[in-house]
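Me: I am new to this structure and would like to go through it with you. Could you explain the reasoning behind each label as we go?

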Amino acid sequence: MNTPWNGHFSGFELVAKSDARPRSIVNVGPVAVGGSEFVVMAGPCSVENEHQLLTTAESVARSGARILRGGAFKPRSSPYAFQGLGEDGLKILARARKETGLAIVTEVMSETDVDLVAEYSDMMQIGARSMENFSLLEAVARCGRPVLLKRGMCATLQDLMRSAQFVAENGNPNIILCERGIRTFEKATRNTFDISAVPVLNLVTHLPVIVDPSHAAGVRAIVPPLSRAAVVVGAAGLLVEVHPQPEKALSDGEQSLTFAEFRAMMRSLRPYLAIRAVEESATTLPEVPEVLAVGGHA
Ligand code: PEP
Ligand code: MN
C-alpha cells in the first residue's frame, strides 16, 4: 500500500497495512478490538487490594468499560516505590473478571513471569520501558495471549513497528499498539501525547491503535480532553487509569480519574463517537444543502 513515507516503514510486512489486509481485529477474551466498537480499558494503575479492585471493576463496567486494567507487576522509577502485589494481584484480577465479566489486561515485566501472567489475564501488557526488551517480546509472543504493546517513551513510530513485527515474527499476530505519550522538553504534562501517532499508524499498520491518555497527561484534568481527541483522530480505544480515591493511590494517583470523573468522561465521548460512526459508514461525502453551501440562511 502506498504511504507518504516511502520506505520509512518498510521491513514490517507482517504488521503493515495492505490492500489485502487493511485492518485487523484482536479478540481480548470476548471483546473485539479494532472493529466497529470503541473499546475502553480502565482500572487502577496498580492492584492494591481486593476491595479497591472490585469496586473499581464494577464502577468502570457500569460506565461502559469492557476491559479491566491493573498492574500486579509494576515498573517503577524508584526502587523504594510500591512494586505491585505480584501473584496475589493476579488472583484479585481473576476474581474481578469472574464477578464482572470484564476481560483483563495486566503488565508482564519479566520473561520468567510470562506463563504466570498468561494464566490469569486475557491480554499481556508490554510497558513503555519494555518495548525493546526483545527476549521478553519473544516469550510473550509465544504464550498465545494477545499483546498490548506500549510505545516506549523515547521510541519512534518506526521503533514501535519494529517491535510489533518482532512479536508477529515470533508467531503472535494478535497485537494492539498503544500511544502513551513521549518525552519532549514540555514539563506541564508528564509526557507529550503524540496525537499524530494515531493517524500515522492507522495508515501504515493493520493493527488496532489505542491511546493511554493517563500516562501521556500525568494530570487528571487533561485526561478527558485527550480521550476525546483520541476518538477524533481514529483510535480504536483507550486505556485509562481510574481509582476509588486517587489521593490515596499507591501509584499514579495524580493522573487517575475518580469513578464520577470516569463516568462523565465516558458520556462526553458519545457525540464524538456518533460522528465517527457516521463517517465510517459513509461511502461518499454527505450532501451539503445548497442554501448552506453558499453560506446562506437555513
Ligand atoms: C501503566 O500502564 O501503568 C504503565 C506503567 O504504563 P507505561 O508503561 O506506559 O509507563
Ligand atoms: Mn500507571
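Me: Which residues gather in a patch of negative charge on the surface?

Reply: Happy to help! This is a predicted model, and in it E87, D88, D115 and E119 form the negatively charged surface patch. Asp and Glu count as negative, so these four residues carry the charge that gives the patch its name.

Me: Which helices supply at least two residues each of the negative patch?

Reply: They are helix 2 (87-100) and helix 3 (114-120). E119, for one, is found in helix 3.

Me: Why does E119 count as exposed?

Reply: Its relative accessibility is 55%. Exposed means over 50%, so E119 earns the word.

Me: Let's turn to the rings. How many aromatic pairs does a search of the whole structure find?

Reply: The search finds two aromatic pairs. One of them joins W5 and F9, at 5.9 Å centre to centre with 85 degrees between the planes.

Me: What makes the pair of W5 and F9 edge-to-face?

Reply: Two values settle it. Ring centres must lie within 6.5 Å to pair, and planes over 60 degrees apart count as edge-to-face. With 5.9 Å and 85 degrees, W5 and F9 fulfil both conditions.

Me: Are W5 and F9 buried, exposed or partly exposed?

Reply: W5 has a relative accessible area of 27%, so W5 is partly exposed. F9 is at 12%, which is under the 20% limit, so F9 counts as buried.

Me: Why is the pair of F134 and F166 called edge-to-face?

Reply: The planes of F134 and F166 are at 65 degrees and their centres 4.9 Å apart. Because the angle is over 60 degrees, the pair is edge-to-face. The pair also links distant parts of the chain, with F134 in helix 4 (residues 134-142) and F166 in helix 5 (residues 157-169), 32 residues apart. Both rings are partly exposed, F134 at 30% and F166 at 25%.

Me: Now the charged pairs. How many salt bridges does the search find?

Reply: There are 13 salt bridges in the whole structure. In one of them, the side chains of D212 and K150 meet at 2.7 Å, N to O.

Me: What makes this contact a tie between parts 62 residues apart in sequence?

Reply: D212 lies in the loop between strand 9 (209-211) and helix 7 (213-217), while K150 sits in strand 7 (residues 147-150), so the bridge ties those parts together. Both D212 and K150 are buried.

Me: How do you know that R162 and D159 form a salt bridge?

Reply: The distance from N to O is 3.1 Å. A salt bridge needs the nitrogen within 4 Å of the oxygen, so R162 and D159 qualify. They are three residues apart in helix 5, which means about one helical turn separates them. R162 is partly exposed at 34%, whereas D159, at 16%, counts as buried.

Me: Where do R190 and D252 lie, the partners of another salt bridge?

Reply: Their side chains meet at 3.0 Å, N to O. R190 lies in the loop between strand 8 (175-179) and helix 6 (197-204), and D252 in the loop between strand 10 (237-241) and helix 9 (259-281), so this pair ties together parts 62 residues apart in sequence. R190 is partly exposed at 38%, and D252 is buried at 12%.

Me: What joins E50, R95 and E99 into one network?

Reply: Salt bridges that share partners join E50, R95 and E99.

Terms used: Residues numbered from 1 in each chain as written. Chains lettered and ligands numbered in written order. Predicted model: local features only at pLDDT ≥ 70, side-chain atom pairs only at ≥ 80, totals over all residues. Heavy atoms only, no water. Patch = residues over 30% accessible without salt bridge, like charges linked within 9 Å, V, L, I, M, F, W, Y side chains within 5 Å. Areas by Shrake-Rupley, 256 points an atom, 1.4 Å probe, with all protein chains shown as cover. Charge placed at Lys NZ, Arg CZ, Asp CG, Glu CD. Helix = DSSP H or I, 4+ residues; strand = E, 2+ residues; numbered from the N terminus. Buried < 20%, exposed > 50% of the residue type's maximum accessible area, 1.4 Å probe, protein only. Phe/Tyr/Trp six-rings, centres within 6.5 Å; stacked < 30°, edge-to-face > 60°.
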